[in-house]
Amino acid sequence: QWGALRASLCETIGENNYKAWIEPLEFDGLEDGVATFGAPTNFVGNYVSQNFGDVMLYHMNAISGNVRRLNFRVSRHANDPGEPTTPSTFSPTRKSAMPQPSTDTSDLLPGAPLDPRFRFDSFVVGKPNELAHAAARRVAEGGPVTFNPLFLHGGVGLGKTHLMHAIAWELKQKSPELNVLYLSAEQFMYRFVQALRDRRMMDFKSIFRSVDVLMVDDVQFISGKDSTQEEFFHTFNALVDQNKQIIISADRAPDEIKDLENRIRSRLQSGLVVDLHPTDYELRLGILQTKVEQQRSHYPDVQIEDGVLEFLAHRISSNVRVLEGALTRLFAFSSLTGRRVEMDLTHECLTDVLRASERKVSVEEIQRKVAEHFNIRLSDMIGPRRTRTFARPRQVAMYLAKKLTSRSLPEIGRRFGGRDHTTVMHGVKRIDELIRTDGQLADDIEMLRRALEG
Ligand code: ADP
Ligand code: MG
């Protein structure tokens with residue numbers, strides 16, 4: 001595989017570059033989506049990562065898919081590349097040598113590579129994400145800075161990283177001279193801590209203060225990390241002062257991130273804050289259709305029956321990543337077995353995924369349904385009144401909450417107007433007893449259970 005990569009790289013970046021930079025690398029292997037290379041020096045590792053990282057990632061993905069990151073470490077046998085690095089070549093002098101600082105030079109590199117698949121043309125736009133998409137597009141036009149920062153937030157797998165990479169790709173393509181830096185808040189922190197440790201704060205500051213566009217992904221990660229926040233704040237201000245674009249993402253809105261200094265919070269809110277809403281059925285179906293077209297090139301023979309995509313869009317609502325995974329598995333399964341993708345095969349192949357995404361019932365839903373069934377008001381279900389008319393439905397709802405959700409007794413109690421967990425326990429017990437003797441109540445509960453579990 002390394003051989004195939006060499007050939008395509010040589011073609012893309014030219015023979016000279018190839019000889020100078022890529023030839024000296026050793027390919028260590030691929031694990032968990034991270035491909036590791038040995039480089040003769042820090043400098044070579046840095047240079048390759050910065051200049052050819054994208055291209056390498058791209059070609060590696062074309063060959064084996066699923067490569068998400070490149071790591072460069074310094075080869076132990078820099079002067080002796082012919083010698084294989086096996087533990088047996090460790091000499092006693094080496095053992096007694098001073099412990100080396102981390103040889104993973106990628107940690108010193110400022111940015112993370114961009115995923116070649118995350119582009120605007122592969123991003124499906126629907127109601128839940130149209131605003132975020134439009135804002136991202138606007139920023140990617142690169143004109144005068146209007147929204148600064150652009151703050152994208154939303155749950156896991158809704159496309160935040162995809163949009164950020166798409167902006168970066170677009171800007172790089174339009175203005176190759178722009179210094180676009182993308183990294184996660186975690187990487188920012190890691191690099192900051194490392195710079196402190198290695199007494200390289202000047203380098204750190206100058207790198208981060210000299211970018212044209214800074215993108216920090218998953219910024220909720222810096223909550224509670226005070227010195228990192230401080231440094232982030234200074235970086236942020238320095239860039240805004242120079243009128244440089246900043247793009248931030250988080251899994252929640254700025255005012256919901258805990259343990260964040262107020263001045264940072266208000267800085268994060270000072271531009272445009274847009275959220276990606278949970279996907280709806282139409283968007284999920286659209287994404288599936290797009291992904292099917294993309295998979296076509298890899299699996300030209302796979303046939304998908306009508307109704308399968310609709311079924312998946314209906315059933316898997318958790319997050320887009322799960323949806324994609326399901327589709328990938330279907331394609332692989334179908335091409336290996338030569339079977340058409342129809343409903344039976346879908347159920348067979350995705351049993352675990354479908355089970356995991358079974359509709360989750362919330363305590364609130366249970367309360368609403370039960371209140372409706374017994375003809376009382378929701379406020380009385382939660383409120384303090386203890387007459388039988390309200391107490392019994394309340395106990396039924398507690399019982400169902402215990403049986404149908406994974407909430408603990410105290411959590412359930414809290415949702416019933418702050419009741420104690422012993423009250424909940426008592427309610428659940430009481431209904432358990434009653435069901436055995438009261439046929440009418442047993443029927444009611446069975447009916448409610450079915451209605452709730454859909
Ligand atoms: P987040 O960063 O919000 O957790 P990602 O950007 O990593 O989510 O998206 C998860 C996966 O779902 C990625 O493979 C991404 O390409 C895909 N995805 C999410 N939203 C869309 C969309 N609207 N169109 C196409 N693919 C999407
Ligand atoms: Mg992400």
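Let me begin with strand 6 (213-217), which is mostly covered, with 5 of its 5 residues buried. The cover lies on both faces of strand 6: Val213, Met215 and Asp217 are buried on one side, and Leu214 and Val216 are buried on the other. I should say at once that this is a predicted model.

What are the neighbours of strand 6? Strand 5 pairs with strand 6 in the parallel sense over 5 bridges, and leucine 181 has leucine 214 of strand 6 as its bridge partner. Strand 7 also runs parallel to strand 6, and 4 bridges join the two. In that pairing, methionine 215 has isoleucine 247 of strand 7 as its bridge partner.

Let me now turn to the sheet as a whole. It is an open sheet of 5 strands in the order 5-6-7-4-8, with parallel pairing. Strand 5 (180-184) and strand 8 (272-276) are at the edges; each has a single partner strand, so one side of each is left without a neighbour in the sheet. From one strand to the next, the twist averages 15 degrees. At the strand 8 edge, strand 4 (residues 150-154) pairs with strand 8 in the parallel sense over 5 bridges, and leucine 152 has valine 274 of strand 8 as its bridge partner.

Next, the helices that pack here. Helix 6 packs on the sheet and touches strand 4, strand 5, strand 6, strand 7 (245-250) and strand 8. The direction of helix 6 makes about 165 degrees with that of strand 5. Helix 7 (residues 185-197) lies across strand 5 and strand 6, and runs at about 95 degrees to strand 5.

Helix 6 brings us to the ligand. Which residues are closest to ligand 1? Of the 17 residues that surround ligand 1, the closest are Gly159, Lys160, Thr161, His162 and Val320. Two elements give two or more residues to this shell, namely helix 6 (160-174) and helix 13 (320-337). By class, the shell has 7 nonpolar, 7 polar and 3 charged residues. Domain 2 (120-276) and domain 3 (281-356) each supply at least three residues to the shell around ligand 1.

I close with the protein chain overall. It has 21 helices and 8 strands. Of its 454 residues, 32% are buried. Among contacts in the protein chain with a separation of 6 or more, 74% are between residues 24 or more positions apart.

Notes:
Residues are numbered from 1 along each chain as its sequence is written. Chains are lettered from A and ligands numbered from 1 in the order in which they are written. This is a predicted model: local features need pLDDT of at least 70, side-chain atom pairs count only at pLDDT 80 or more; totals for chains, interfaces and linings use all residues. A residue is near a molecule or strand if its C-beta atom, placed from the backbone, lies within 6 Å of it. Helices (H or I, at least four residues) and strands (E, at least two) are DSSP runs, numbered from the N terminus. Ala, Val, Leu, Ile, Met, Phe, Trp, Tyr, Cys and Pro count as nonpolar, Asp, Glu, Lys and Arg as charged, and the others, Gly among them, as polar. Domain bounds come from an automatic or database domain assignment. Two strands pair if DSSP finds at least two bridges between them. Axes are lines fitted to C-alpha atoms, for helices over the stretch in contact, and angles run from 0 to 180 degrees between N-to-C directions. Two residues are in contact if their C-beta atoms, placed from the backbone, lie within 7 Å. A residue is buried if 20 or more other C-beta atoms lie within 10 Å of its own, exposed if 12 or fewer, and partly exposed in between; C-beta atoms are placed from the backbone.
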